[in-house]
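Let's take a walk through this one together, from the place where the chains meet to the interior. Have the viewer open as you read.

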Amino acid sequence: MQFDVANLIAILPEIAVLITACLVLVVDLYLQDKNKDVNHTLTLVGLIIAIALTGAVGGGERQIFFDGNLIQDGISDLLKGAILVVSVLGFIYARPWLKDRDMLVGEFYVLGLFAVLGMLVMVSANSFLTVYLGLELQALSLYALVAFDRESKKGAEAAMKYFVLGALGSGMLLYGISMLYGATGSVEFGAVAQAVSEEGMANEVLVFGIVFLVIGIGFKFGAVPFHMWVPDIYEGAPTPAVLILGSAPKIAAFALATRMLVDGLQELHADWQGMLLILAVLSMGLGNLVAIAQSNIKRMLAYSTISHVGFIFLGLLAGSTQGYASAMFYAIVYALMAAGAFGILLILSRKGFDAETLEDLKGLNDRDAWYAAMMTIIMFSMAGVPPTVGFMAKLLVLEAVIRIDLLWLALVAVFFSVIGAFYYLRVIKFIYFDRAVLNAPALVTTGGVRVAMTFNGLILLMLGLFPTALLSLCQSAFI
Amino acid sequence: MNEFPLLTLVIWLPIVGGIVVLASGEKSPSISKWTALFFAAITFLLSIGLWIGFDSNTAQMQFVERSAWIPTFNVEYYLGVDGISMPLIVLTTFITIFVIVAGWEVITYKPAQYMAAFLIMNGIMVGVFSALDGILFYVFWEAMLIPMFIIIGVWGGPNRVYATIKFFLYTFLGSVFMLVALIYMYFQSGSFSILDFQEMQLGITAQTLIFLAFLLAFAVKVPMFPVHTWLPDAHVEAPTGGSVILAAIMLKIGGYGFLRFSMPITPDASASLTWLIVALSLIAILYIGFVALVQQDMKKLIAYSSIAHMGFVTLGFFIVFTIAQNPALSSGSIMGIEGGMVQMISHGFISGALFLCVGVLYDRVHSREIADYGGVINTMPWYGAFVVFFAMANAGLPGTSGFVGEFMVILATFRADFWWAVLAAMTLILAAAFTLWMVKRVIFGEVKNDKVAALKDIDQRETFNLAVLAVAVLALGIWPAPLVNVMHTTVENLVVQVTTCKLPSSERSDCVLTHSEPIVAIPND
């Protein structure tokens with residue numbers, strides 16, 4: 001194995017995040033309690049540098065590094081950028097919540113940064129081993145984040161569930177990877193793809209391995225029937241942790257799925273298409289129907305996540321360039337919407353009070369018209385109503401699905417999205433149609449949060465009106 | 001032909017105005033009101049420019065603007081108007097002014113947001129009428145729901161949440177299937193341009209499915225029996241302005257959809273399903289007419305009367321297919337469509353005015369129950385005069401605009417089928433019965449209670465609203481020629497379109513329409 005400096009240049013964003021994490025770890029030791037904001041600043045600076053480096057390093061030709069373990073291409077550049085941007089938003093939203101509860105400690109940021117690092121590794125993985133490494137780094141950090149509030153029993157319970165089920169999912173994935181390795185003799189996607197095209201579908205071990213891979217992917221995405229952990233963890237975990245695990249990791253999960261299924265196993269598309277189809281229909285159906293019955297908004301958003309995962313799978317299973325691009329577009333857009341929605345919940349929370357039920361949104365328009373407008377954009381976007389970007393994302397996915405003549409699937413999808421519209425509308429009902437409860441304290445927010453939320457809401461609107469830029473990035477990534 | 005982006009301006013100026021009004025905040029209501037009125041008025045004046053610059057000798061799209069929007073999917077920002085959409089745009093900008101004026105003093109909770117919602121709504125509705133790209137149309141079509149949803153939900157009556165969610169979900173359910181149909185047609189024709197859709201050939205199965213998908217979307221909007229149930233709820237709960245926009249413009253969008261999409265794109269399916277539409281229209285005219293008769297709530301009564309009148313519109317449009325099978329009577333088909341169009345415009349004025357009338361009483365007494373009133377004319381003579389006038393127009397009195405459309409449609413229906421015409425003509429009796437009976441109970445008679453005795457007659461603002469609308473109703477009733485002329489060439493062309501068989505050559509033998517030759521697509525420059 002030759003050491004080559006060019007290898008390091010390609011992973012500069014990862015290095016930046018790693019250095020920031022280590023830096024926060026050390027600096028935090030020497031900080032007095034009143035100076036804990038430095039952690040926050042350091043983290044943001046580190047992430048922004050990583051964004052800049054992603055931009056600087058990215059955009060080139062498809063290249064493979066580290067003896068075939070890492071790759072840099074359009075997919076990795078775009079997804080890295082998206083993960084970093086969403087993470088920046090997440091950390092900004094989380095700060096006031098942490099500060100109110102005297103939890104503005106280094107560990108939160110260190111764990112968060114390591115999770116981000118894991119996602120970045122997943123995104124640029126070119127072998128099953130690297131993907132798995134990234135996944136575990138992300139998952140372990142997130143397990144710890146969920147248990148971050150050590151006083152909270154619910155949080156500890158959620159972390160335990162998350163850990164056990166997450167480990168189960170990882171186990172399935174690893175088992176599938178080992179079968180694929182046995183069948184093809186390699187863990188590198190390129191080599192696997194080549195071996196598959198030579199051997200064809202005859203190899204039953206191969207197809208069996210895919211079953212486990214898809215189960216693993218289903219677990220990580222939270223697709224029905226592997227969704228059981230999602231609502232409990234969303235409800236039990238502290239909201240900042242939910243914000244971090246509910247937004248950017250969906251982009252990483254998308255990377256996990258595309259890297260493995262598209263880069264490695266495109267040849268066997270016919271086999272995994274059917275599996276994803278079942279997962280997609282079940283996810284859209286169950287997610288949307290059960291969400292209606294929720295009064296806890298975190299639980300509701302958990303089921304809404306499940307239904308959106310169904311849509312992402314629709315794009316993936318189309319198996320075409322258009323389909324992958326639409327799924328990618330959807331995943332990025334979803335991460336932005338989820339970050340915004342949980343961000344609003346954090347804004348509504350204050351010392352000693354967590355906004356968790358739909359009732360807590362009552363009269364938001366009276367309390368702060370601007371945040372009410374942003375939340376409305378987010379909700380309409382999740383429901384897929386134009387002119388927000390949620391509509392564009394759904395349109396692209398539907399287009400990909402109709403292109404492969406699965407008209408019935410498109411009809412199922414739109415039908416469930418109408419059902420889904422109901423619970424998003426209910427949120428808006430609480431925001432606009434109900435008056436605030438008496439003595440509701442004024443919302444206290446910082447300028448940073450307001451700027452971030454404004455960006456978050458307006459970008460959903462702007463991308464809906466002018467989707468071309470992001471869309472062409474997504475499409476060129478897959479050509 | 002026109003370099004100046006007039007349509008873009010008419011769409012986006014009110015939207016920008018709405019954002020300005022929103023930004024002005026709730027600190028100074030009078031500034032936001034005047035700003036809103038200013039933008040509404042400018043938009044109306046600009047849309048008059050559309051009428052003046054319109055060339056009524058051609059069926060081509062005018063004021064066309066075309067530029068790429070999402071190039072990868074051939075989605076374009078493609079606007080243009082013809083003789084069908086242009087009058088509806090002018091109606092939209094015209095009615096918006098009254099809505100803003102009507103909410104002037106009544107709306108006390110967050111007036112800036114109220115005004116802004118109507119301005120934004122105005123722009124979006126103009127967008128619906130002028131979009132010539134399927135996706136652009138769909139975006140405007142759906143976006144329209146957002147302000148309306150909020151208007152009903154925030155400023156509506158006691159049961160507003162139920163009504164507005166029902167309204168939203170009904171329309172949303174109808175339109176998502178239209179979206180699937182649009183995407184399907186994109187793969188058949190290679191672009192999202194509505195004009196390309198109209199030149200495309202489709203087998204009868206595909207046509208029927210597309211027709212049904214569109215029917216679901218437009219029937220909910222019109223609304224046609226049996227998907228009309230959201231309308232009475234939405235109307236009753238909406239604030240006056242919301243009811244006016246709903247009745248005057250939003251219902252017309254459904255009718256417009258039939259003319260722009262269903263009939264020209266899927267003429268063969270339309271022809272084979274004409275019986276369905278005619279049946280539903282006649283049910284709307286008759287059954288809903290009887291339902292209106294027994295209403296206790298004035299707004300509900302007018303809402304049902306709207307459904308009945310819109311039944312006339314769909315009847316007028318679809319008898320074309322029956323008439324077309326008898327080539328000797330082709331002029332009847334033009335009359336049917338034109339009658340439907342005149343009916344739409346006229347109903348925009350009349351129903352808008354009637355809802356404003358109810359709003360006047362509601363603002364004073366806070367009740368819409370017919371039983372709470374009686375003898376209003378004694379305390380509000382001017383108001384009583386206006387109500388009687390608009391009620392007569394609603395009943396289709398000759399000389400008012402209500403008569404023209406109904407007369408044309410009934411005349412055209414006679415050419416299609418004698419008994420349909422007889423049934424449709426029943427509306428003249430029914431509409432007279434339910435409106436005049438309401439007028440009798442509310443306006444005439446002895447002063448019923450103290451509240452009525454304490455009523456004050458309409459002020460300048462209300463008089464302005466009602467007087468202008470009354471002039472419009474009279475003008476259209478006495479001299480409908482300008483309106484009919486402006487749309488005539490377009491309608492002629494539309495009739496050729498809808499009577500042209502669009503089946504592919506393999507199914508050509510099944511054609512029932514007169515022009516069985518495919519239209520030769522005019523090559524684009």
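How many residues does each of chain A and chain B bring to the contact? Chain A puts in 25 residues and chain B puts in 27 residues. Keep in mind as you look around that this is a predicted model.

Stay on the chain A side for a moment. Three helices each supply at least two residues to the side that touches chain B: α18 (389-403), α19 (407-433) and α21 (468-477) of chain A. The top contributor is α19(A), with 12 residues. As for what this side of chain A is made of, it splits into 18 nonpolar, 4 polar and 3 charged residues.

Now go inside. The largest nonpolar core has 400 residues, and the members that touch the most others are A:Ile83, A:Val146, A:Ile251, A:Phe329 and A:Ala335. Helix α15 (residues 321-348) of chain A gives this core its largest share, 22 residues. Zoom in on A:Ala335 and, leaving aside residues up to four places away in sequence, you'll find it touching A:Ala82, A:Val86, A:Ser247, A:Ala248, A:Lys250 and A:Ile251. One of those partners, A:Ile251, is itself on the list of core members with the most contacts.

Another helix to look at in chain A is α17, covering residues 369-383. Its 15 residues reach 21 Å from first C-alpha to last, close to the expected 21 Å. Why call α17(A) largely enclosed by the rest of the structure? Because 13 of its 15 residues are buried, a label that takes 20 or more other C-beta atoms within 10 Å of a residue's own. Just past the end of α17(A), A:Gly384 takes a positive phi of about 80°.

Over in chain B, helix α22 (residues 481-498) makes a nice contrast piece. Its 18 residues reach 24 Å, close to the 26 Å expected, and there is a kink of about 45° centred on B:His488. Buried residues of α22(B) include B:Val484, B:Met487, B:Val491, B:Leu494 and B:Val498.

Finish with the strands of chain B. Strand β1 (residues 62-70) runs antiparallel to β2(B), and 6 bridges join them. B:Ile70 stands opposite B:Val75 in β2(B). The hairpin has 4 residues between the strands, and B:Asn74 takes a positive phi near 60° there. As for β2(B) itself (residues 75-81), 6 of its 7 residues are buried, so the strand is largely enclosed by the rest of the structure.

Methods: Residues are numbered from 1 along each chain as its sequence is written. Chains are lettered from A and ligands numbered from 1 in the order in which they are written. This is a predicted model: local features need pLDDT of at least 70, side-chain atom pairs count only at pLDDT 80 or more; totals for chains, interfaces and linings use all residues. Two residues are in contact if their C-beta atoms, placed from the backbone, lie within 7 Å. Ala, Val, Leu, Ile, Met, Phe, Trp, Tyr, Cys and Pro count as nonpolar, Asp, Glu, Lys and Arg as charged, and the others, Gly among them, as polar. The expected span of a helix is 1.5 Å times one less than its number of residues. The bend at a residue is the angle between axes fitted to the seven residues ending there and the seven starting there. A residue is buried if 20 or more other C-beta atoms lie within 10 Å of its own, exposed if 12 or fewer, and partly exposed in between; C-beta atoms are placed from the backbone. Two strands pair if DSSP finds at least two bridges between them. A nonpolar core is a set of buried Ala, Val, Leu, Ile, Met, Phe, Trp, Tyr and Cys residues joined through C-beta atoms within 7 Å.
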